[in-house]
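Please find below a short colleague's note, set out as numbered points for someone coming to this structure without earlier acquaintance. It begins with the chain as a whole and then turns to particular elements.

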Amino acid sequence: MRNPWCIALALAASVSAGAASRREADLLRQKVAQINAHADKPTKQGRRTIVTEGEVNSYLRYDAGEQIPVGVVEPSVSILGAGKLAGRAVVDLDAVRRAKNATSFFDPMSYLTGRLPVTATGTLKTANGTGQFVLDSAAVAGVPIPKLVLQEIVSYYSRTPGKPSGIGLDDPFALPSRIKEIQVQRGQAIVIQ
């Protein structure tokens, strides 16, 4: 389940997870398995799978450990409705600052130190098997930050050998498992295959 949008959501949201449960984490794992199975054996009839905010946050708490980058803890997502998502994660900003090697007094990253909560809200737009997250706002420890600063954080934590610059906040991405669209409603998302 490691996708660029999963990392972005974990870094990009602003509401606490609430009560997570092992049962809801198991439910999400089962739903993901069903989504993947449907992708492996597509039929003419489409499939709709409802994923709840509680299931996502339970999965993030209990099962996503190896998929979440080192230095990112306590990720949570809030599904606000009308395409809007919010999320929160505590992030090691010292690692980002060291990797960037900020040398200018005017570089905002030179002021961000320690492990602080990073939050963001935005809109998930999906159609025809492609998605894009449009950022509305972001903050570190409750202080608003420009998109450029959030981009530095996301880039650092989403780097891979195949993509050493990480993912871009504005980059469209392919939805996995033959997903055509994700409809974001209050408290839930509907995955359409």
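**Notes on the predicted chain**

1. Of the contacts in the chain with a separation of 6 or more, 63% are accounted for by residues 24 or more positions apart. The model is a predicted one, and its secondary structure comes to 5 helices and 9 strands, which follow one another from the N terminus as α-α-β-α-β-β-α-β-β-β-α-β-β-β.

2. Buried residues make up 46% of the 193 residues in the chain, while the area that the chain exposes is about 10,000 Å², with carbon and sulfur atoms supplying 54% of it.

3. The largest nonpolar core has 39 residues, and those with the most contacts inside it are Leu-150 and Ile-153. Helix H5 (residues 147–157) gives this core its largest share, 5 residues.

4. Helix H2 (residues 22–40) packs with helix H3 (residues 53–62) at an angle of about 100 degrees, the two axes being 7 Å apart. Because angles of 65 to 115 degrees count as roughly perpendicular, H2 and H3 are therefore described as roughly perpendicular to each other. On the side of H2 the contact is made by Arg-22, Glu-24, Ala-25, Leu-27, Leu-28, Arg-29 and Lys-31, and on the side of H3 by Gly-54, Glu-55, Val-56, Ser-58, Tyr-59 and Tyr-62. The residues of this contact divide into 6 nonpolar, 2 polar and 5 charged.

5. Glu-55, which is found in helix H3, deserves a separate look: is Glu-55 buried or exposed? With a relative accessible area of 4%, Glu-55 is buried. Leaving aside neighbours within four places in sequence, Glu-55 is in contact with Glu-24, Ala-25, Leu-27, Leu-28, Lys-31 and Ile-50.

Notes:
Residues numbered from 1 in each chain as written. Predicted model: local features only at pLDDT ≥ 70, side-chain atom pairs only at ≥ 80, totals over all residues. Heavy atoms only, no water. Axes fitted to C-alpha atoms, helices over the stretch in contact; angles between N-to-C directions. Helix = DSSP H or I, 4+ residues; strand = E, 2+ residues; numbered from the N terminus. Parallel < 35°, antiparallel > 145°, perpendicular 65-115°, else oblique. Contact = heavy atoms within 4.5 Å. Nonpolar A, V, L, I, M, F, W, Y, C, P; charged D, E, K, R; others polar. Core = buried A, V, L, I, M, F, W, Y, C linked by side-chain atoms within 4.5 Å. Buried < 20%, exposed > 50% of the residue type's maximum accessible area, 1.4 Å probe, protein only. Areas by Shrake-Rupley, 256 points an atom, 1.4 Å probe, with all protein chains shown as cover.
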